[in-house]
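You asked for comments on this model before it goes further. My notes follow the structure, point by point.

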Amino acid sequence: MGGANGIPVDPSQLLKGVLDLAVLAVLAEKDSYGYDVLRRLRESGLEDVGDASVYGTLRRLYQAGALKSYVVPSDEGPHRKYYGLNDRGRNALEKSAKTWGSLTRALDQLLDGRSTANAR
Amino acid sequence: MPDSKPADDVARYAAEVRATLAHLPDAEREVLLEDLESHLEEVASESGSPLQERLGNPADYAAELRAAYGSGDISVDRRRVPILDRIQSLISAMFGTWAYRELAMLLPQLRPGWWVLRAYLLVLFFALVFKGQHNLSPIPNPFTSLGMLEIVATVVAITISVRIGRRGIPSGAVWRGVALAANIGIVLLAVPTLAQMSTNRAYPLSIEDSSGYYSAFQAGFYGPAVTNIYPYTKDGKALKEILLFDQNGRPLTVANLKEPATDFPVGSDGKPISNEYPLNQRHFNGDPVLPPRVALPLASQSVAPTPSPTPTP
């Protein structure tokens with residue numbers, strides 16, 4: 001994909017790894033439909049996230065049994081398919097959040113070390 | 001903007017996305033694209049601009065969708081055998097359960113119990129072979145020689161069985177096979193043996209509850225219980241209201257079952273008369289029990305030289 005000429009880290013790849021967690025976190029707050037999830041992710045600062053990525057992630061999480069889904073009729077516009085966490089999804093979120101916490105602490109330390117080394 | 005335009009836009013865009021993903025396995029494509037249209041409609045309804053402008057070209061959208069849905073080719077291959085996946089996760093879930101762990105812990109502790117049980121079952125099997133199906137009871141009667149023998153044999157068998165069991169699982173593959181086969185063999189022998197025990201009829205109940213003795217007609221021990229008696233005269237006339245007594249002068253009663261139910265006539269003292277035959281019986285549905293067809297000994301009147309009541313001079 002995008003990572004050209006041996007540059008190992010592609011921002012979109014980084015994002016992809018955490019998109020599951022981000023989507024779960026958004027849905028933990030309240031049930032949402034696809035476009036709403038995207039909007040809320042972007043509002044939280046994940047501006048690079050693509051619609052297809054969110055939609056694909058929702059479908060995958062749903063298929064994996066982490067989400068419930070229901071259709072809400074709307075007066076104006078199309079009927080909306082809402083997604084929300086079920087027990088499995090909540091468990092997954094809890095676990096992933098812990099992993100994420102330790103991962104970021106470790107990475108912060110590593111990156112701090114590098115920045116102080118650079119500063120010297 | 002006319003209403004049909006966004007709908008057309010959605011349909012066209014979705015069709016192109018689908019075309020790009022046409023090579024995916026059916027199951028995966030189905031799940032992934034199940035509600036693509038309605039999702040695109042949501043997106044379209046949020047803004048007036050064409051989808052292509054908002055989402056980029058359909059091929060890229062499809063690629064991103066595919067990338068977000070599956071994490072690489074491995075997952076594609078896996079999804080082709082979702083049933084195997086499911087079974088695998090089911091098994092691992094089962095082994096992880098509390099119940100399984102408890103069982104896995106409990107079973108080794110139960111092994112001495114099995115050593116005793118297999119010895120008992122084996123002796124029971126031999127008892128069945130030698131004694132036949134009669135008198136096979138869970139605990140043999142120690143006041144009969146055969147019963148005593150059975151008990152002694154059981155004790156000896158248990159001693160040997162526990163001794164063998166304590167040696168542990170044999171190390172050689174052959175012996176291990178023999179041991180496994182022997183244990184399975186005992187289980188297989190136990191099935192018909194225990195089945196014989198259960199076909200042993202229950203004791204027919206005597207209606208003479210107060211005196212507490214068993215019916216003289218416990219024929220059930222050796223076959224189906226006698227539930228009624230139909231007396232006939234020699235010349236084939238069915239008799240009614242016959243009172244039967246045993247050698248001690250006690251009323252002779254038969255197995256008193258729930259089905260068919262018996263209406264006992266009541267004597268002048270208010271007590272039921274339990275030995276008046278044939279008994280007046282009804283089925284559950286209320287129909288009276290009809291007397292059986294009987295074969296009377298035809299030749300008895302003329303030919304048979306039975307001890308005749310009229311003595312020959």
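**Notes on the predicted model**

1. In chain B, 59% of the contacts between residues at least 6 apart in sequence join residues at least 24 apart. This is a predicted model, and that percentage should be read as a property of the prediction.

2. Chain B has 313 residues, of which 25% count as buried. Its secondary structure comprises 11 helices and four strands. The area that chain B exposes is about 21300 Å², with 63% of it supplied by carbon and sulfur atoms.

3. On confidence, chain A averages a pLDDT of 81, and 82% of its residues score at least 70. Among the elements of chain A, the highest mean pLDDT, 90, belongs to helix 2 (residues 34-43), while helix 1 (residues 11-29) has the lowest, 82. Residues 1-6 of chain A need caution: pLDDT stays under 50 there, and the model has five contacts for them beyond four places in sequence.

4. Is helix 2 of chain A enclosed or open? Seven of its 10 residues are buried, so helix 2 of chain A is largely enclosed by the rest of the structure. The buried residues are A:Gly34, A:Tyr35, A:Asp36, A:Val37, A:Leu38, A:Arg40 and A:Leu41; the list thus includes A:Asp36 and A:Arg40. Just after this helix, A:Gly45 takes a positive phi of about 115°.

5. The largest nonpolar core has 42 residues. A:Leu41 is among those with the most contacts inside this core, together with B:Val17, B:Leu36, B:Leu40, B:Tyr61 and B:Leu65. Helix 1 of chain A gives the most to this core, with eight residues. Apart from it lies another core, of five residues, including B:Leu124, B:Leu128, B:Leu136 and B:Met197.

6. Which residues does B:Tyr61 contact, leaving aside its neighbours within four places in sequence? In chain A, B:Tyr61 is in contact with A:Asp51, A:Ala52 and A:Tyr55. In chain B, its contacts are B:Tyr13, B:Val17, B:Leu36, B:His39, B:Leu40 and B:Leu55.

7. On the surface, B:Ile83, B:Ile87, B:Ile91, B:Met94, B:Phe95 and B:Tyr100 make a nonpolar patch of about 570 Å². Helix 7 (residues 82-96) of chain B gives the most to this patch, with five residues. B:Phe95 lies in helix 7 of chain B. Its relative accessibility is 41%, so B:Phe95 counts as partly exposed, the range for that class running between under 20% for buried and over 50% for exposed.

Terms used
Residues numbered from 1 in each chain as written. Chains lettered and ligands numbered in written order. Predicted model: local features only at pLDDT ≥ 70, side-chain atom pairs only at ≥ 80, totals over all residues. Heavy atoms only, no water. pLDDT = per-residue confidence, 0-100. Helix = DSSP H or I, 4+ residues; strand = E, 2+ residues; numbered from the N terminus. Contact = heavy atoms within 4.5 Å. Patch = residues over 30% accessible without salt bridge, like charges linked within 9 Å, V, L, I, M, F, W, Y side chains within 5 Å. Areas by Shrake-Rupley, 256 points an atom, 1.4 Å probe, with all protein chains shown as cover. Salt bridge = Lys/Arg side-chain N within 4 Å of Asp/Glu carboxyl O. Buried < 20%, exposed > 50% of the residue type's maximum accessible area, 1.4 Å probe, protein only. Core = buried A, V, L, I, M, F, W, Y, C linked by side-chain atoms within 4.5 Å.
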